[in-house]
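Trainee: I should like to learn how strands and helices are read in a model. May we begin with a single residue and work outwards?

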Amino acid sequence: MASSDSATAPADHKRPRGLASFLRSQMRNIAPFLTLIFLSAFFAIASPSFATIDNVGNILTQVSVTGIIAVGLTFVILCAEIDLSIASIANVTGIAVAYFTLQESYVNIANVPMPGIVAILLALALCALLGLVNALGLTMIGIPSFIMTLAMMQIAAGVSALLVRGQIAYKVPDLITTLGSGSIGGIPWIVIVAAIMLLGGHLVLTYTRFGRYVYMVGGNREAAEFAGLNVKLILGSVMVISAVCSGIGGMLGVAHFGSAQQNEFDTYLLDSIAAVVVGGTSLFGGRGGIGNTVVGLFVLGVLNNGLDHVNIDSFLKILIRGLILLAALIINVYAQRLREQTAD
Amino acid sequence: MSQGRSAILELNQITKAFGGVEALRGVDFALHAGEIHGLVGENGAGKSTLMKIIAGVHPEFSGRFMLDGKETRFRSTRDAHAAGIGMVHQELSVAPDLTVAENVFLGNQPTNRLGFVQWRRMAREAGEQLARFGIDVDPMTRLGDLPIGLQQLIEIARVLFSGARIIILDEPTSALSPPEVERLFTTLHKLRDEGTSIVFISHFIEDILRVSDVVTVFRNGRKIAETASADTTKGALIEAMIGRGGEALEHSYTDDLMLPESGGGSAVLKVDQLSLGRTLQDVSFEARAGEVLGIYGFMGCGQLELSRILFGKLRPDGGTLAVDGAAKTFRSTAAARRAGVALVPESRRAMLFHQEPVYKNISISILDRISALLLKPVRERAIAQRQVEQLQIRPPVVGLDLGMLSGGNQQKVALAKWLTYPPRLLVLCEPTRGMDVGAKNDVINIVRDLRAKGLAIIVLSTEPETVLSLADRILVLKRGAVVREFAGEAVSKDRLLEAA
């Protein structure tokens with residue numbers, strides 16, 4: 001559409017923009033933020049225990065693992081790809097770090113104890129490797145990421161199953177225990193880690209050359225290739241970044257929950273995708289960012305936490321979450337359309 | 001001719017703005033039954049916008065829209081279609097994975113009472129329709145397997161035979177060879193005589209004068225003139241289009257043109273025995289520093305594939321490629337770029353980021369030169385500003401989203417991204433396609449500047465004028481093989497067409 005000769009009268013040097021058209025073009029960023037304010041206000045009025053310092057701390061802690069995983073996923077979705085293996089990779093990495101740690105004698109797992117730092121490095125190497133397999137399948141063989149990561153979801157779950165064989169492990173290296181369940185000056189370490197990773201992701205996307213490439217590849221992959229960018233390298237990189245973020249989230253999550261077992265992270269797949277998309281990052285690539293993901297995380301966090309405070313039927317919670325996600329998807333697609341019209 | 005008859009379509013005071021920029025300002029337009037109405041104007045003059053309003057693509061506009069004397073508003077292309085209006089858009093919109101027959105009947109396949117598609121009937125009728133149009137293809141072949149020109153003809157045929165009583169053709173001849181254009185014109189005249197109304201948009205003014213009864217000229221979102229085709233000339237139309245002395249700007253290239261005796265210096269690119277499936281056979285040539293090599297051929301002759309191979313997007317089946325004497329096998333476009341090759345493809349959609357600002361479009365190919373890890377937006381904007389000024393891109397605002405620029409200016413942006421650090425070899429596909437006269441001249445001057453700086457330049461085009469206006473040496477490509485080289489001799493449009 002935008003390429004026809006209908007775009008501008010060449011004489012106009014400035015684009016006159018009304019408030020309305022500004023709001024329209026910023027809808028992707030404004031709508032999630034308004035949702036967050038609305039939900040917070042609603043729960044604050046509905047429940048006296050919601051708007052307390054303690055509870056804000058709860059919410060932050062509750063969204064931390066999702067937040068760590070969502071950092072990498074934001075890169076992937078910005079490239080107009082998807083990663084369905086995040087939760088499985090988080091799970092297998094958490095299990096792997098426990099597998100390489102000496103467990104109590106009553107834990108019946110044939111594990112291979114290593115020094116803490118080695119266990120962590122091995123676990124990180126494992127998630128990076130699985131991410132690399134995703135990357136190669138996507139770029140070298142040409143399997144769509146939706147299918148490739150679906151297969152990886154099973155592969156990672158399979159590796160998890162083989163490592164724990166239906167058992168539960170409890171011990172992880174001390175560093176992971178501290179970061180996952182310790183706190184400093186009253187602030188949980190896991191919140192600090194999540195904040196640092198989100199900030200890091202934001203800095204990379206906004207201020208580095210690689211970040212620009214991610215946006216450009218997402219915005220128009222063909223044009224990126226015609227500009228002489230190594231599109232495959234960039235796509236491969238975001239798949240590895242996503243897997244490593246998931247792995248870190250998985251290790252800290254295991255420490256946070258106090259155990260490593262199968263299917264522990266299953267809900268994190270939907271939560272992470274929801275956080276990125278609810279925040280307003282475009283499913284078509286090229287628009288959005290970590291700022292959006294942070295807002296999306298809070299929308300989900302406030303919603304999950306708030307529903308507990310207002311004493312609602314716990315089975316209804318699932319339905320409400322689904323409806324909120326649907327609303328976000330509608331806004332996401334609609335914002336894309338508005339933007340295309342404005343740019344026409 | 002239409003005088004005296006009442007208009008079937010009448011538009012009054014149509015105004016349409018995109019994001020605050022007015023694309024049409026109070027335009028009146030009337031179309032009569034059994035008339036071919038030509039539209040001319042520079043890029044961004046508003047022709048396509050007006051036609052998209054008629055075809056229901058842009059439902060929001062101000063002004064009065066009368067169809068058959070009744071005020072009407074289309075809310076979608078469906079409404080327009082139901083009212084008997086069909087449009088062939090500037091850019092090919094076919095389903096390459098479907099068969100020819102399915103494409104001809106797209107959206108209204110013949111079905112039996114149970115709703116199943118009647119394949120045999122569809123294939124037979126599609127074959128008959130295309131035969132009427134002089135196209136002889138098996139209706140059950142996959143459309144994507146046919147040459148682009150043929151695909152365009154089939155798309156046109158679909159609209160022509162859809163039973164529409166108002167047909168809008170936006171640049172329909174850009175991908176067609178002269179005999180195909182001939183066939184199209186014959187069909188258009190036949191349809192007109194049967195009472196169909198046709199709007200014909202083209203940059204080829206000779207075509208407009210030949211095929212249409214009435215011509216309307218647009219400039220800057222306004223209607224400038226409307227005259228009977230018989231009462232005007234090419235020069236007069238060009239002058240009305242650009243609002244200055246047009247004659248000197250448009251060279252017709254019907255006379256012989258002398259190519260320089262010996263062009264250029266050392267060979268920058270050497271291509272030997274390049275082949276690719278059925279598309280390219282044993283293509284060998286060299287491109288020299290300080291010389292523009294033109295490669296001319298009809299659509300589907302293998303030019304596009306050749307350009308993709310030079311830029312590492314396609315891998316040849318056989319043959320070798322050397323840049324500055326070193327043999328190269330490009331594994332990616334990034335590798336080609338590092339070796340000093342640059343490509344500007346023929347489609348603006350494929351080479352630009354419409355939702356990103358101009359400066360990001362310009363800096364994308366040189367980011368690794370201006371920043372190691374961190375971006376340097378100030379430097380990026382400064383570089384872009386310089387290019388925008390040098391290439392006279394309008395409006396000269398580097399922060400504006402690219403989609404807000406007109407087509408010709410977008411084309412300049414695509415060129416600009418390669419100019420800050422000039423490559424060794426610049427490959428341009430259809431560098432002036434769909435451009436108005438003024439923008440064409442700008443591009444010609446830019447290419448000449450680059451030649452003077454010692455770049456090797458290859459221009460690939462299906463328009464003889466483009467090659468003739470730019471090239472120092474010309475190769476003619478026919479069905480994937482080089483059939484003729486013009487060097488240091490006289491050449492003209494006729495001679496090129498003859499060779500191809």
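Mentor: Certainly; please bear in mind that this model is predicted. Leu426(B) lies opposite Ile457(B), a residue of strand 19 of chain B.

Trainee: How many bridges join strand 18 of chain B to strand 19 of chain B, and do the two run parallel or antiparallel?

Mentor: There are 5 bridges between strand 18 (residues 425–429) and strand 19 (residues 456–461) of chain B, and these strands run parallel.

Trainee: What is the order of the strands in the sheet?

Mentor: The order is 17-18-19-14-20-21 in chain B, an open sheet of 6 strands with mixed pairing. Strand 17 (341–344) and strand 21 (481–487) of chain B are the edge strands, each pairing on one side only. From one strand to the next, the twist averages 20°.

Trainee: Which strands does helix 9 of chain B touch?

Mentor: Helix 9 (residues 303–310) of chain B packs on the sheet and touches strands 14 (291–296), 17, 18, 19 and 20 (473–478) of chain B. The direction of this helix makes about 150° with that of strand 18 of chain B.

Trainee: How should one describe two packed helices?

Mentor: One gives the angle between their axes and the distance between the axes. In chain A, helix 9 (residues 209–219) and helix 11 (residues 231–257) pack at about 105°, with axes 10 Å apart. Helix 9 and helix 11 of chain A are therefore roughly perpendicular.

Trainee: Which residues meet there?

Mentor: Tyr213(A), Val214(A) and Val217(A) of helix 9 meet Val231(A), Ile234(A), Leu235(A) and Val238(A) of helix 11. The residues of this contact comprise 7 nonpolar, no polar and no charged.

Terms used. Residues numbered from 1 in each chain as written. Chains lettered and ligands numbered in written order. Predicted model: local features only at pLDDT ≥ 70, side-chain atom pairs only at ≥ 80, totals over all residues. Axes fitted to C-alpha atoms, helices over the stretch in contact; angles between N-to-C directions. Helix = DSSP H or I, 4+ residues; strand = E, 2+ residues; numbered from the N terminus. Parallel < 35°, antiparallel > 145°, perpendicular 65-115°, else oblique. Contact = placed C-beta atoms within 7 Å. Nonpolar A, V, L, I, M, F, W, Y, C, P; charged D, E, K, R; others polar. Pairing = 2+ DSSP bridges.
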